[in-house]
Amino acid sequence: MNFLKLTVIAAVMASATMGVKSATTDNSLQTPQVIAHRGFWKSEGAVQNSRASLKAALALGVYGSETDVWITTDGHLMVNHDPTFDGVRLQDESSDICTALTLGNGEKMPQLFEELAIVSESGSPTKLILEVKDHGNRTNDVRAAKAAVAAVRAAGLQDRVDYISFSTDACETIIAEDPDARVGYLKGGFAPAELHKKGYSSIAYHMNELRNNPAWVKEAHDLGMKVNVWTVNTPEEMAEMRDKGVDYITTDDPLTLISILEK
């Protein structure tokens with residue numbers, strides 16, 4: 001990490017941690033790791049799910065950089081959070097149309113293979129946290145999941161990619177295609193034991209799900225599963241989730257989270 005990054009983090013620490021108190025004194029809890037939501041898109045020249053935001057997350061060296069993919073009519077995986085961009089519904093169009101779309105920072109919309117190449121060429125330990133979007137229909141969820149596993153395998157990055165989805169069809173297709181894949185379910189509503197039986201390796205729930213089901217963190221860990229929580233953006237929430245003993249915290253503000261965890 002270069003001097004500029006250290007300076008930025010130090011400045012954030014001075015302001016973000018002020019008044020934040022730990023809810024526990026249990027020193028046995030492992031410090032959670034940081035996942036940059038849609039990349040480190042608050043960095044200069046970046047926007048959400050851009051190449052620049054991925055590169056900035058890789059430069060930070062955090063555990064993961066989360067990204068979202070939709071499948072096009074011709075089987076390509078486009079990187080974008082929302083189902084539509086500038087009026088184009090990604091799953092209803094070809095990759096030629098989608099790759100012509102311009103992001104807010106001037107980049108053209110990336111495809112998954114481009115992000116995988118960036119990860120592959122980087123010396124960073126940061127993983128790609130790949131969300132296969134819920135397309136609203138099983139056919140496209142399965143298509144997207146199969147295409148994602150194939151792309152990751154073709155890039156030789158099975159050890160550098162974790163998968164998440166709100167779609168059980170997508171998650172369980174990934175598990176079937178690659179039983180060694182690390183797969184987390186996002187929507188909530190299932191106890192860890194229910195997912196563990198189906199081959200999931202983690203729960204990846206909104207923080208309210210863990211507030212309402214506080215025993216699930218221990219249940220997941222007892223089963224050898226990981227716990228990821230999203231999207232945690234205030235210092236108070238970061239400290240709260242840290243003190244629950246989760247393994248990963250997904251945030252739009254990785255610098256503040258780094259400062260909270262280092263404190």
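Helices (H or I, at least four residues) and strands (E, at least two) are taken here as DSSP runs, numbered from the N terminus. In these terms, the secondary structure of the protein chain amounts to eleven helices and eleven strands. The structure is a predicted model, in which local features need a pLDDT of at least 70 and side-chain atom pairs count only at pLDDT 80 or more, whereas totals for chains, interfaces and linings use all residues. Residues are numbered from 1 along each chain as its sequence is written, and side-chain values use heavy atoms, with hydrogens and water left out.

The pLDDT, the predictor's confidence in each residue from 0 to 100, averages 92 over the protein chain, and 89% of the residues score at least 70. Residues 1-27 have a pLDDT below 50, and this stretch has 34 contacts in the model beyond near neighbours in sequence; a contact means heavy atoms within 4.5 Å. In the protein chain, 57% of the contacts with a separation of 6 or more are between residues 24 or more positions apart.

Of the 263 residues in the protein chain, 52% are buried. Buried means under 20% relative accessible area, exposed means over 50%, and partly exposed lies in between (1.4 Å probe, protein chains only). The accessible surface of the protein chain comes to about 11,500 Å², and carbon and sulfur atoms contribute 51% of this surface. These areas come from the Shrake-Rupley method with a 1.4 Å probe; for residues, only the protein chains shown count as cover.

Several strands are paired, where pairing requires that DSSP finds at least two bridges between two strands. Strands S9 (residues 202-206) and S10 (residues 226-230) pair in the parallel sense over five bridges, with Tyr-205 opposite Val-229 in S10. S10 also pairs in the parallel sense with strand S11 (residues 248-251), over two bridges, and Asn-228 stands opposite Tyr-248 in S11. From S10 the chain crosses through helix H10 (residues 235-243) to S11, in a β-α-β crossover that is right-handed. The term right-handed applies if, with the strands pointing away from the viewer, the path from the first strand over the helix to the second runs clockwise. S11 is in addition joined to S1 by four bridges, and these two strands run parallel; Ile-35 stands opposite Thr-250 in S11. S11 is covered on both faces, with Tyr-248 and Thr-250 buried on one side and Ile-249 and Thr-251 buried on the other.

The loop between strand S1 (33-36) and helix H2 (51-60) contains Ala-46. Ala-46 counts as buried because its relative accessibility is 13%. Not counting residues up to four places away in sequence, Ala-46 touches Phe-40, Trp-41, Ala-52, Ser-53 and Asn-105. Ala-46 and Ala-56 are ten residues apart along the chain, and their C-alpha atoms are separated by 8.1 Å.

Arg-38 also lies in the loop between S1 and H2, as does Asn-49. Most residues other than glycine have a negative phi. Phi of Arg-38, however, is positive, near 60 degrees, and Asn-49 has a positive phi of about 60 degrees. Arg-38 is buried because its relative accessible area is 14%, and Asn-49 is buried because its relative accessible area is 3%.

Helix H2 is mostly covered, with seven of its ten residues buried. These are Arg-51, Ser-53, Leu-54, Ala-56, Ala-57, Leu-58 and Leu-60. Gly-61, just after H2, takes a positive phi of about 75 degrees.

In helix H6 (residues 168-177), the buried residues include Ala-170, Cys-171, Thr-173, Ile-174 and Ile-175. Among the elements that cover the buried residues of H6 are strand S6 (127-132), helix H5 (138-155), strand S7 (161-165) and strand S8 (183-185). The N-terminal end of H6 is capped by Ser-167, of which a side-chain oxygen lies 3.3 Å from the backbone nitrogen of Asp-169.

Helix H11 (residues 254-262) contains Thr-256, which is buried because its relative accessible area is 8%. The side chains of Thr-256 and Asp-253 are joined by a polar contact of 2.8 Å. A polar contact is a pair of N or O atoms within 3.5 Å; within protein, one atom must be able to donate a hydrogen and the other to accept it, and residues adjacent in sequence count only if both atoms are side-chain atoms.
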